[in-house]
Amino acid sequence: MFLYHKVCRACGFGKPDIPTLKESLAAGPKAASTALIPVFDLGVQPLANDFCKEGQERSGYAPLKVLFCPKCTLAQLSVVVRPDILYRHYAYITSKSLTMQHHFQALTDLLLSEQGHVGSVAEIGSNDGLFLKYLRNRGFGNLCGIDPAENLSKIAHDDMQIPTINACFDQSSALMARAGVGEPDFIVARHVFCHIDDWQGFISALDNLAGKQTLIAIEVPYAADVLSNGEFDTIYHEHTSYLSLRAMEALLKNTPFHIHRVSWFQIHGGAIVILLRRNDWNGAANPGTMAMIEKEKVTEDTWLDFGVKAQCEIQNLSDTIRDMAASGKTVIGYGASAKSTVWINACKFSRKEIRFICDNTPAKQYTVTPGTDIPITDDGAITRELPDYAILFAWNYKFEILEKEKLARSKGTKFIVPLPKFEIV
Ligand code: JHZ
């Protein structure tokens, strides 16, 4: 189901932490460690998006441990779960929320500020095609999605009319996309790069797809935000890496690409869009990037502090909800996000503490939370049942959801927002 991964996928640092007898004898007792450093550990956990119906076979559990690279500051999981288990049938559908629409607008404005004109686009990890559909409405033509999920590629193709290659992004799907859209003006990879194990393969595939003038936009959760906001719930098996800009620089060394510009966005708790250009592109790189890299506080110590903070966050929510349940209050969850699975299993919640989770994703409704027995229902359930408290597991959509659920709130339901700052509203 999973393989151990003990070498930094950005810079190549690290050897297995158990040296051979010959290596330990040769190194002597004072030898510096050549292994990646363990900085955070949630034990063995279920896969965050493994929402199953009663009787359906579960995909299983795997270790959830983060290793830090002292050379380039990349943090990565100690294991890689087989991508076909994670993605062949994928429950997460890009949100149709207003928050996401605003993000699409800001991201598109950024792309246009660089390239100056609408054009052809290849999207890696295109999910159900929502972003490409948005681009089509803004005048972009010649679109192509690439996504490994059969269920989502079908929606993209049949419902959104977006040509979609149902495959992982690799050299051969890159060539197929190139045959479809020609040399794309833009390549976009939104929240997918840190899901990928083989970054060298990704770069080679980019090399097959990108032309001299192509602008490449890689949107990832930013490790510095994960650390400073204590977003431990974004650590799950799909996210094989937690990217710093230093690590991205290390990865790109000796490749045909370089960082051209970096922009920060609020989406999903803090993300950066890293714009790449080919090294033989004839424009100037944006001067702000170096300053951002120098300011970056991603170290072994910040990761260790983060681990302590995460344990406090887990203890605090666990105590709060158990006290509420013990005093007869009804508590539900709002948003069966991947983050909800991490919280629920870290706090060891069951149906006893959380009655149900409401969610507007049809594929998640009438399933149960991975690793426990909490049922997931439609999002209208909050207004029908009027619980005393709802834990906002989709805290990244806080303002939009608080506004949307004002009827339940006016009738007494309070929202518990676990991150980035614990509050009850
Ligand atoms: P949401 C996903 O994480 C998965 P998740 C993935 N691994 C990734 O990288 C990140 O995104 C970026 C529901 N909801 O978007 C929909 C409502 O019910 O925070 C979702 O199930 N009503 C690819 O899963 C969940 O909440 C609403 O009004 O943590 C939110 O999940 C809204 C806005 C959402 O991502």
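**Entry 1: ligand site**

I began with Glu-238, where a polar side-chain atom lies 2.7 Å from a nitrogen atom of the ligand. I note at the outset that the model is a predicted one. I then looked up two further residues with polar side-chain atoms placed against ligand oxygen. For Lys-364 I read 2.7 Å to an oxygen atom of the ligand, and for Asn-396 I read 2.9 Å, again to an oxygen atom of the ligand. I next asked how many residues surround the ligand. I found 24, and I recorded Glu-238, Lys-339, Asp-359, Lys-364 and Lys-404 as the closest.

**Entry 2: α6 and α7**

I turned to the packing of helices, taking α6 (residues 171-181) and α7 (residues 199-209) as a pair. I read an angle of about 20° and a separation of 8 Å between their axes. That angle falls under 35 degrees, so I entered α6 as roughly parallel to α7. I recorded the crossing of α6 past α7 as right-handed. On the α6 side, I listed Gln-171, Ala-174, Leu-175, Ala-177 and Arg-178 as making the contact. On the α7 side, I listed Ser-204, Ala-205, Asn-208 and Leu-209. Sorting the contact of α6 with α7 by class, I obtained 5 nonpolar, 3 polar and 1 charged residues.

**Entry 3: α3 and α4**

I examined helix α3 (residues 98-115) against helix α4 (residues 130-137) and found that their axes come within 11 Å and cross at roughly 60°. I therefore classed α3 and α4 as oblique to each other. The crossing of α3 past α4 is right-handed. From α3, I noted Gln-101, Phe-104, Gln-105, Leu-107 and Thr-108 in the contact. From α4, I noted Leu-130, Phe-131, Tyr-134 and Leu-135. By class, I entered 6 nonpolar and 3 polar residues for the contact of α3 with α4, with no charged residues.

**Entry 4: α11 and α12**

I then asked at what angle α11 and α12 cross. The answer is roughly 75°, with the axes of α11 (residues 300-326) and α12 (residues 338-347) coming within 9 Å. The range for this class is 65 to 115 degrees, and I therefore described α11 and α12 as roughly perpendicular to each other. I traced the contact to Glu-313, Ile-314, Leu-317, Ser-318 and Arg-322 of α11. The partners from α12 are Trp-343, Ala-346 and Cys-347. I divided the residues of the contact of α11 with α12 into 5 nonpolar, 1 polar and 2 charged.

**Entry 5: backbone geometry**

I closed with the backbone, keeping in mind that most residues other than glycine have a negative phi and that most peptide bonds are trans. Is the peptide bond from Leu-419 to Pro-420 cis or trans? I found the bond to be cis, with omega near -5°. I located Pro-420 in the loop between β18 (414-417) and β19 (423-424). I also looked up Asn-142, which is not a glycine, yet has a positive phi of about 55°. I placed Asn-142 in the loop between α4 and β7 (143-147).

Methods
Residues numbered from 1 in each chain as written. Predicted model: local features only at pLDDT ≥ 70, side-chain atom pairs only at ≥ 80, totals over all residues. Heavy atoms only, no water. Axes fitted to C-alpha atoms, helices over the stretch in contact; angles between N-to-C directions. Helix = DSSP H or I, 4+ residues; strand = E, 2+ residues; numbered from the N terminus. Parallel < 35°, antiparallel > 145°, perpendicular 65-115°, else oblique. Left-handed = near helix turned anticlockwise from the far one by under 90°. Contact = heavy atoms within 4.5 Å. Nonpolar A, V, L, I, M, F, W, Y, C, P; charged D, E, K, R; others polar. Near = heavy atom within 4 Å. Polar contact = N/O pair within 3.5 Å; in protein donor to acceptor, adjacent residues only side chain to side chain.
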